[in-house]
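Please look at the chain pairing and the charged contacts in this entry. A short report is wanted, in plain terms.

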Amino acid sequence: MFNTAHKKVSLFLILISIFYVILAINLPTYPYIPVDSEVVPVGLGVVLFGLSAALYFIKDEEKENHKTAKKEWAVVLTVLIFVLLYIVFLDVLGFLLVTLLFLFFCTWFLGYKHFVANAIVSVVVSCGLYFLFTQFLKVTLPQGILPF
Amino acid sequence: MDLHGLLTGFQVAFSLQGLLFVFIGVVVGTFIGMMPGLGPIAAISVMIPITYGMNPAIALLLMAGVYYGSAYGGASASILLNAPGTSEAVATTFDGYPMAQQGRAGKALAIAALSSFVGGTVGVILMTFFAPLLARVAVVFGPAEYFALMLLGLTAITSLTDGSTIKALISATLGFIFATVGIDGQTGTARFTFGDAHLLEGFQFLTIALGIFALAEVTSLIFKRKEKLRAGNIGSLRLTKKDFKEIWGTQGRQSILGFLIGVLPGAGGSISTLISYTMEKKMAKHPEKFGKGEPKGVAAPETSNNAANTGAFIPLLSLGIPGSGTTAVMLGALIVLGIQPGPTMVTDHPDVFWGVIASMYIGNIMLLIINLPFIPYVAKVLRIPRPMLISLIIVFCMTGVYATKFTSFALFALIGFGVFGYLMRRLHFPAGPFILAFVLGGMMEQDLRKALTISNGSLKIFLDSPIALVIIIAAFLAFLIPILQNVIGKKKQNQGISV
């Protein structure tokens, strides 16, 4: 399992380096400069190619001995979905509401059962952050559907 | 050195009003510095409107307090949450976060506070005596010399890895590759943006750092969310005599080194912390302890950071040249107060010049006095139940990124880097070299091309400059020696086994 993992990684990186070099070579040229914008990227792509190839051949000494249960991955994926929903609804519902909902539901989902404490912290933190940034630091956060 | 001027400065600083404002500055600065995305720049910018109409000397005391406070706040976030808010705070995560994980958060924070104090104080002392001399040296550094210096910083890569060197180099190369995204500084060509306007500025340090450090750590925390933290997990704050003995050498060396690097405009905490960390690791009797919670690993970057921030004032005050974003904002603050820094400042406004220096001494002391008692409360962050801590860190990071970029694209990028960071961890690719190469690589490329433009494409410019040449040779040695040691060490190991 470990050998194929890092060989897979090295093949993936080799492909990336080739893709990168192709993109770099196709950059528009600028006539008035000795070292143009594609020189360093091409160099980096070549270096990455060389290193990835070397990675393919070295013996992997790392021991990958923890297998994570499918259930745990489901938890991580759910949190990820919560986060993506947060980003999508941020401009729609506004920072305060979205943060409040996220804090409450994510904490509850991850196993914190104290409903009241959770609610209090969610409200205090989201209101606190919102007013800190908008009033004190004068940084605009999405207002969304709220009147303030 | 104008003793009378310095004493006048101290007189103002020690007044009741002066002390009060330094106190306010340090507290506000620390608080703001702890938020990811907000660092000294944001903290000082916020304070400027408050200083309208204030006595300039008192206003400077406020600014000094904010400056140091926010630098320390950033260290707290690095140590407790593995969430470095500025590039200067990255090196503190290397040993600070492991120390917190081992139940020694109190000690780590205390070392950070003490080291910041030592670095800042030594920096101010050096500044008092050497300001005019160093100002003249600072302008000798051109693109070739900067390139060499950053190359030296980049060699820290080989020291930042205990595992596979190849993987560290691949991480670094990838970091450098990410730095090439965006509009090229020399030609204006849009590189690797795929036509997306959001990528024209390139990736932001904060997005990447929070993604690969904080969010990747959050993912690990999700797997460990059922674990209970041991009681007494903050550890004692007290630094024993043994601790002091261990770190005072580090603090002495790195404050001088950090200061000298900070004097150079454009080179600041981000480079000095990495060079200091690497240097201490190489000089240590047990270098393998670094990265696993070695106190020197916290002392070195924190000392260096504050010393560099102090050194950055020299080009600002003596030449009117701000060397970094933070000093640029300070320049703005001074102008708002009616002071024009520059060569005439010492002669026209000696009271202000020495007032700035006096306020820096006081700011440093205040930082230590105020922050040490607060450490137990700050460290209580670690006692928050894991599920809640996870949600809070996620919100924290997203707020920080949004507050600086204001686009959902940046948030998606943050999440993307979080996933990428976690993959890197699972596959044992170190994150340190990645972020290092990202920060330094971008600047290095620009300096390299500026140098080659000046020399019309000839590499001889690096040979002609003695400073650049010496630093480049040092960089190559610093890069190769650990690799050679590694290879020779492995060979000896293999021989030992087969015999």
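What follows covers the interface, a surface patch, one threonine and the salt bridges.

**Interface**

The model is predicted. The size of an interface is often given as the accessible area lost when the parts come together. Here, chain B and chain A bury about 5500 Å² between them. Carbon and sulfur atoms give 81% of that area. In chain B, the residues that lose the most area to chain A are Phe192(B), Met388(B) and Arg426(B). Together they account for 11% of what that side buries.

In residue terms, 57 residues of chain B are in contact with 65 residues of chain A. Polar links across the interface can be counted too: five residue pairs are in polar contact, both partners at pLDDT 80 or more. How many salt bridges does the rule find across the interface of chain B and chain A? The rule finds zero.

Several elements of chain B give two or more residues to the side that touches chain A, among them helix H2 (16-34), helix H9 (165-179), strand E2 (190-191) and helix H10 (205-223). Helices H18 (386-405), H19 (408-426) and H20 (431-454) of chain B are also on that list. H18(B) gives the most, with 11 residues.

**A threonine in H18(B)**

Thr404(B) lies in helix H18 of chain B. Is Thr404(B) buried or partly exposed? Its relative accessibility is 32%, so Thr404(B) counts as partly exposed; the buried class ends at 20%. The side chain of Thr404(B) reaches the backbone oxygen of Gly400(B) at 3.1 Å. Leu206(B) is 198 residues from Thr404(B) along the chain, yet their C-alpha atoms are separated by 8.8 Å.

**Nonpolar patch**

A nonpolar surface patch of about 590 Å² draws on both chains. Chain A supplies Ile81(A), Leu84(A), Leu85(A), Val88(A), Phe89(A) and Val92(A), and chain B supplies Phe412(B). Helix H3 (residues 70-93) of chain A gives the most, with six residues. Val88(A) is found in that helix. Val88(A) has a relative accessible area of 49%, which means it is partly exposed, as the exposed class starts over 50%.

**Salt bridges**

Side chains of opposite charge can pair when their charged atoms come close. A search of the whole structure finds nine salt bridges over all chains. Three of them are listed here.

| Pair | N to O distance |
|---|---|
| Asp184(B) and Arg191(B) | 3.8 Å |
| Glu201(B) and Lys405(B) | 2.9 Å |
| Arg253(B) and Glu280(B) | 2.8 Å |

Take Glu201(B) and Lys405(B), which meet in a salt bridge. Glu201(B) lies in the loop between E2 and H10 of chain B, and Lys405(B) lies in helix H18 of chain B, so the pair ties together parts 204 residues apart in sequence. Glu201(B) is exposed at 67% relative accessibility. Lys405(B) is partly exposed at 21%.

Next come Arg253(B) and Glu280(B), also joined by a salt bridge. Arg253(B) lies in helix H11 (residues 241-263) of chain B and Glu280(B) in helix H12 (residues 269-283) of chain B, so this pair ties together parts 27 residues apart in sequence. Arg253(B) is partly exposed, with a relative accessible area of 33%. Glu280(B) is buried, at 1% relative accessibility.

Salt bridges that share partners join Asp184(B), Arg191(B), Glu445(B) and Arg449(B) into one network. Within that network, Asp184(B) and Arg191(B) are both buried.

Definitions and conventions:
Residues numbered from 1 in each chain as written. Chains lettered and ligands numbered in written order. Predicted model: local features only at pLDDT ≥ 70, side-chain atom pairs only at ≥ 80, totals over all residues. Heavy atoms only, no water. Patch = residues over 30% accessible without salt bridge, like charges linked within 9 Å, V, L, I, M, F, W, Y side chains within 5 Å. Areas by Shrake-Rupley, 256 points an atom, 1.4 Å probe, with all protein chains shown as cover. Salt bridge = Lys/Arg side-chain N within 4 Å of Asp/Glu carboxyl O. Helix = DSSP H or I, 4+ residues; strand = E, 2+ residues; numbered from the N terminus. Buried < 20%, exposed > 50% of the residue type's maximum accessible area, 1.4 Å probe, protein only. Contact = heavy atoms within 4.5 Å. Buried area = accessible area lost by both parts, 1.4 Å probe. Polar contact = N/O pair within 3.5 Å; in protein donor to acceptor, adjacent residues only side chain to side chain.
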